[in-house]
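Biologist: I would like a close look at one part of this protein, with the charged pairs and the metal site taken together. Please walk me through it residue by residue.

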Amino acid sequence: MYSHNELYERWTVNLNTKRVKSARARRVVLKTKKHAVRLWSATDIDLIPTSEEDEHPFLKKIGPDVLNESCSFELIEERLTSKNFHKKKASTLMLDQTFFAGLGNYLRSEILFDAKIHPDDRPYDLDKTEITEWANSIKNISHLAYKTGGFTVSKSLADKNKANGESKRSYRHAVFMRNKYECLDCKSRIERKWYGKRKLDYCPSCQIQRAKV
Ligand SMILES: [Zn+2]
């Protein structure tokens with residue numbers, strides 16, 4: 001099943017025994033013995049035989065899923081340095097679903113901070129070690145967020161930031177939504193850049209620009 005969800009659609013998970021009422025249109029129900037997963041309000045839903053998945057107009061364009069085991073560090077490095085991608089800015093690449101599937105806006109900021117990559121640098125501007133760091137961060141930070149339900153820092157760090165009075169939208173991250181705060185590594189002030197309508201938070205001291213501008 002393919003469905004393209006943007007901001008309006010909603011997924012819910014409930015026990016089968018719970019009666020669910022909603023003013024939204026119910027579009028999909030997936031049931032197990034205990035639970036029901038529902039998709040509400042979605043308009044873009046396709047059922048595709050597995051053998052035809054690769055021909056789907058959207059699916060055939062998307063890159064590898066970072067969380068998939070078959071997506072190795074070597075594959076990520078290869079793609080970063082490939083002709084199609086190596087002259088694109090980091091800020092663009094990290095949201096380009098043809099590069100890798102599944103990276104969203106907070107992961108973009110968190111991955112680039114973890115790898116110490118400036119958002120306007122391109123793979124072309126970096127040396128081998130920096131590319132390796134970046135590839136590692138793409139995989140590791142995405143995995144961490146997946147395992148923890150959206151945290152991109154360790155629990156002890158999140159607890160520390162929480163104790164300092166930060167709200168959940170910032171204490172679970174290292175830079176994203178922390179633009180009022182100090183960098184956890186160097187104490188510089190986290191800054192915000194806008195790319196289109198999407199924000200990117202970064203540390204100007206840790207993420208030095210390598211490209212000559
Ligand atoms: Zn810093």
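**Salt bridges and the zinc site**

Modeller: K193 counts as partly exposed because its relative accessibility is 24%, and the cut-offs for that class are 20% and 50%. The model is a predicted one. K193 is a good place to begin, since its side chain meets that of D120 in a salt bridge, with 3.2 Å from N to O. This pair links distant parts of the chain: D120 sits in the loop between α3 (105-115) and α4, K193 belongs to strand β6 (residues 191-195), and 73 residues separate the two. D120 has a relative accessible area of 16%, so D120 is classed as buried. The bridge between D120 and K193 therefore joins a buried residue to a partly exposed one.

In general terms, side chains of opposite charge can pair when their charged atoms come close. The structure holds 10 salt bridges, and two further pairs deserve a description.

One of them is formed by the side chains of D201 and R192, at 2.7 Å from N to O. D201 has a relative accessible area of 0% and is therefore buried. R192, at 28% relative accessibility, is partly exposed. Salt bridges that share partners also join K89, D120 and K193 into one network.

The other pair is D159 with K155, whose side chains meet in a salt bridge of 2.9 Å, N to O. Both residues lie in helix α5 (residues 155-163), and because they are four residues apart, about one helical turn separates them. D159 is partly exposed, with 38% relative accessible area. K155 reaches 61% relative accessibility, so K155 counts as exposed.

Now the metal. The zinc ion has four protein donors, namely the SG atoms of C183, C186, C203 and C206, at 2.2 to 2.4 Å from the ion. Along the sequence these donor residues follow the spacing C-x2-C-x16-C-x2-C. The angles that the four donor atoms subtend around the zinc ion run from 102 to 112°, which makes the arrangement tetrahedral; the cut-off for that label is that all angles lie between 85 and 135 degrees. Two of the donor residues can be described by their accessibility. C183 is buried, because its relative accessible area is 1%. C186 is partly exposed, because its relative accessibility is 32%.

Two other places complete the picture. S142 lies in helix α4 (residues 128-148). At 5% relative accessibility S142 falls under the 20% limit and so counts as buried. Leaving aside residues up to four places away in sequence, S142 touches V66, L67, L103, L107, I111 and S137.

The surface offers a nonpolar patch of about 460 Å², made by M1, W11, L30 and L47. M1 is found in the segment before β1 (2-3). The relative accessible area of M1 is 46%, so M1 is partly exposed.

To return to the starting point, K193 is bridged to D120 and belongs with K89 and D120 to one network of salt bridges.

How values were computed. Residues numbered from 1 in each chain as written. Predicted model: local features only at pLDDT ≥ 70, side-chain atom pairs only at ≥ 80, totals over all residues. Heavy atoms only, no water. Donors = N, O, S within 2.8 Å, 3.2 Å for Na, K, Ca; no water. Tetrahedral: all angles 85-135°; square planar, octahedral: opposite > 155°, others 65-115°. Buried < 20%, exposed > 50% of the residue type's maximum accessible area, 1.4 Å probe, protein only. Patch = residues over 30% accessible without salt bridge, like charges linked within 9 Å, V, L, I, M, F, W, Y side chains within 5 Å. Areas by Shrake-Rupley, 256 points an atom, 1.4 Å probe, with all protein chains shown as cover. Salt bridge = Lys/Arg side-chain N within 4 Å of Asp/Glu carboxyl O. Contact = heavy atoms within 4.5 Å.
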